[in-house]
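Dear colleague,

Please find below the structure that I am handing over to you. My notes on what was found in it follow directly after.

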Amino acid sequence: MTTDSNNTIKVDCLGETCPIPLVETRKAIRKASPGDIIEVTGDHGSSMKEIPMAVEALGLLLLAVEEKDNHWIIRIKIPEK
Amino acid sequence: MKKMNEKMTIIVHSGDFDKLYSALIIGNGSLAMGMDVSMYFTFFGLQRLKKNQLDKGKLSRMHLLGFGKWMIKRKMKKANVRSLDGLLSDFVELGGKILACDMTMEIMGIKKEDLRQDVITDYCSVGTYVKEAKESVTTLFI
């Protein structure tokens, strides 16, 4: 997990399999503050569907799910109060 | 996250390698989906909470004197599956509770100092489980 200059928290899950993309996303969410953006990159197929489910269950904002050639990027926002 | 989280309780009765994987993956997945999770380790499951015993269980099927397990572990390594130790630390880091059955400790002669006290939240008996299970939307016996 790293944070870039725009305060986006990046979670790299390339090559990781179940349940790690979900778990690492959850760890990042727990550490994030209201207003933060989390960007998860991965290539595990079902996690691309399941991370948005977790985002909904946690009451967070799903900004984007981008599918690229051999990986995906999911952007999540922690709502302001 | 203002509402009360839904709860899941899991009894880990088996000490089998593959069943422990199932239990910890479900536990971690449920925490990741925003649930509260308590895992109750009892009987052969509790044996796995002894120091350095977490991945020492047999395969529930096709163990083949260890050959089956060796093969599965090799395939898991290739697929980059996280170790049981890693999954247990993830579970604790995400706020999951690990409970040890004190009746099992008594009948199997297990002392607190034999166990992974660094991950155990509490020691309890059936009453604590029933109370939590009543409040849970899902309870599993593995």
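Of the 81 residues that make up chain A, 31% count as buried. Please bear in mind throughout that this is a predicted model. Its scores are ipTM 0.87 and pTM 0.92. For chain B, the mean pLDDT is 95, and 98% of the residues in that chain reach 70 or more.

As to the fold of chain A, the chain contains 2 helices and 5 strands. Taken in sequence order, these elements of chain A follow the pattern β-β-α-β-α-β-β. The radius of gyration of chain A is 11 Å, close to the 12 Å that the globule rule gives for 81 residues, so chain A is as compact as a globular protein of that length. Measured out along its principal axes, the C-alpha trace of chain A spans about 35 × 30 × 20 Å. Among the contacts in chain A with a separation of 6 or more, 57% are accounted for by residues 24 or more positions apart.

One residue of chain A may serve as a worked example. T41(A) has its place in strand β3 of chain A, which covers residues 37-42. Is T41(A) buried or exposed? The count for T41(A) is 16 other C-beta atoms within 10 Å. A residue is buried at 20 or more such atoms and exposed at 12 or fewer, so T41(A), with its 16, is partly exposed. Leaving aside neighbours within four places in sequence, T41(A) is in contact with D12(A), C13(A) and L14(A), and also with H71(A) and I73(A). A further pair involving this residue is T41(A) and R75(A): they are 34 residues apart along the chain, and their C-alpha atoms are separated by 8.9 Å.

I turn now to the contact between the two chains. Chain B contributes 15 residues to this contact, and chain A contributes 16 residues. On the side of chain B that touches chain A, the elements that give two or more residues are α1 (17-32) and α4 (84-93) of chain B. Which of these elements gives the largest share? That share, 5 residues, comes from α1(B). By character, the residues on this side of chain B divide into 8 nonpolar, 4 polar and 3 charged.

With kind regards

Technical notes: Residues numbered from 1 in each chain as written. Chains lettered and ligands numbered in written order. Predicted model: local features only at pLDDT ≥ 70, side-chain atom pairs only at ≥ 80, totals over all residues. Contact = placed C-beta atoms within 7 Å. Helix = DSSP H or I, 4+ residues; strand = E, 2+ residues; numbered from the N terminus. Nonpolar A, V, L, I, M, F, W, Y, C, P; charged D, E, K, R; others polar. pLDDT = per-residue confidence, 0-100. Rg over C-alpha atoms; globule rule 2.2 N^0.38 Å.
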